[in-house]
Amino acid sequence: MTAKEYNNCTSLWADDVMRFAVRICSDRTECEDAVQDAFAAMWESRENVSVEKGKSYLLSVTYRRLMMHFRRQKADANYLKTNPTSQEEPDTRFDLREAIERSMATLPEVQRAILQLRDVEGYTYHEIGKTLTLSDDQVQVYLFRARTAMRRELIKMGYDEYKQR
């Protein structure tokens, strides 16, 4: 990949990669860092990355970077469980968008990424599988589980219209 092709990739795919990152992780700063790291990694390995696979490469690197972030958060949460604080969150009402974001936050990282790529970005099972190094069958199973888990969470939050009919 030449410098001109890299710059073209940047202008074409920066928004898509950022949108993907934001749907996986709600921390905007962490998303920006992940996307920036992905573009830096693509620049460093530009001789090995073809233009046709550039977007897939960027999504994969962004996904891996965010997974490292989630693992760190999980370790921090485990630490806080052993050292609990006395503060409790107040019970608040929220709108549907916040409920969807909260229910997505309860999903495992891979399910959240697949849900984002399939339902928001419109990728095919095969494209998602290539991006996340999963088989098409695994993508379908994870997507089904993600949708089911989100439905359960939304019902718990009082959105009864998401019950199975």
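# A guided tour of a seven-helix model

Select Thr-133, which is found in the loop between helix 6 and helix 7. The model on screen is predicted. With a relative accessibility of 60%, Thr-133 counts as exposed, because the cut-off for that class is over 50%. Display the backbone here: the phi angle of Thr-133 is near 50°, a positive value in a residue other than glycine.

**The whole chain**

Zoom out to the full protein chain and colour it by secondary structure. How many helices and strands does the protein chain have? There are seven helices and zero strands. Followed along the sequence, the pattern is α-α-α-α-α-α-α. The protein chain has 165 residues, and buried residues make up 37% of them. Turn next to the contacts in the protein chain with a separation of 6 or more: 68% of them are accounted for by residues 24 or more positions apart.

**Helix 6 against helix 7**

Return to the two helices on either side of Thr-133, which lies in the loop between them. Select residues 125-132 for helix 6 and residues 136-156 for helix 7. Two packed helices are described by the angle between their axes and by the distance between those axes. For helix 6 and helix 7 the angle is about 100°, and the axes lie 8 Å apart. Helix 6 is therefore roughly perpendicular to helix 7, since angles of 65 to 115 degrees fall in that class.

Now show the side chains at the contact. On the helix 6 side, select Tyr-125, His-126, Ile-128 and Gly-129. On the helix 7 side, the partners are Asp-136, Val-139, Gln-140 and Leu-143. Sorted by residue class, this contact contains four nonpolar residues, three polar ones and one charged one.

Keep Tyr-125 selected, and add Arg-118 to the view. The charged end of Arg-118 sits over the ring of Tyr-125, at 4.5 Å from the ring centre.

Next, select Thr-131, which also has its place in helix 6. Is Thr-131 buried or exposed? Its relative accessible area is 5%, so Thr-131 is buried. Leaving aside residues up to four places away in sequence, Thr-131 touches Ser-56, Leu-59 and Ser-60. Helix 3 spans 54-82, and these three partners can be displayed together with Thr-131.

**The aromatic cluster**

Move to the aromatic rings. The structure holds two aromatic pairs. For one of them, select Tyr-6 and Phe-39: the ring centres are 6.5 Å apart and the planes stand at 85°, so the pair is edge-to-face. Tyr-6 belongs to helix 1 (residues 3-24) and Phe-39 to helix 2 (residues 28-44), so this pair ties together parts of the chain that are 33 residues apart in sequence. Tyr-6 counts as buried, with a relative accessibility of 13%. Phe-39 is buried as well, at a relative accessible area of 8%.

Add Trp-43 to the selection. The ring centres of Tyr-6 and Trp-43 are 5.0 Å apart, with planes at 65°, so this pair is edge-to-face too. The pair links distant parts of the chain, with Tyr-6 in helix 1 and Trp-43 in helix 2, 37 residues apart. Viewed together, Tyr-6, Phe-39 and Trp-43 are linked by ring pairs into a cluster. Trp-43 is partly exposed, at a relative accessible area of 33%.

What lies over the face of Trp-43? Select Arg-46, which is placed 3.9 Å from the ring centre of Trp-43.

**Glu-47 and Met-1**

Proceed to Glu-47, located in the loop between helix 2 and helix 3. Glu-47 counts as exposed, at 60% relative accessibility. Add Met-1 to the selection: the C-alpha atoms of Glu-47 and Met-1 are separated by 5.6 Å, although the two residues are 46 residues apart along the chain.

**Asp-16 in helix 1**

Finish at Asp-16, a residue of helix 1. Why does Asp-16 count as buried? Its relative accessible area is 18%, and the class takes residues under 20%. Which residues does Asp-16 touch, not counting residues up to four places away in sequence? Lys-55 and Glu-121 are its partners. For a last distance, select the C-alpha atoms of Asp-16 and Leu-58, which are separated by 9.8 Å, with the two residues 42 residues apart along the chain.

Notes: Residues are numbered from 1 along each chain as its sequence is written. This is a predicted model: local features need pLDDT of at least 70, side-chain atom pairs count only at pLDDT 80 or more; totals for chains, interfaces and linings use all residues. Side-chain values use heavy atoms; hydrogens and water are left out. Axes are lines fitted to C-alpha atoms, for helices over the stretch in contact, and angles run from 0 to 180 degrees between N-to-C directions. Helices (H or I, at least four residues) and strands (E, at least two) are DSSP runs, numbered from the N terminus. Angles under 35 degrees count as roughly parallel, over 145 as roughly antiparallel, 65 to 115 as roughly perpendicular and the rest as oblique. Contact means heavy atoms within 4.5 Å. Ala, Val, Leu, Ile, Met, Phe, Trp, Tyr, Cys and Pro count as nonpolar, Asp, Glu, Lys and Arg as charged, and the others, Gly among them, as polar. Rings of Phe, Tyr and Trp (its six-membered ring) pair if their centres lie within 6.5 Å; planes under 30 degrees apart count as stacked, over 60 as edge-to-face and the rest as tilted. Buried means under 20% relative accessible area, exposed over 50%, partly exposed in between (1.4 Å probe, protein chains only). A charge sits over a ring if NZ of Lys or CZ of Arg is within 6 Å of the ring centre and within 35 degrees of the ring normal.
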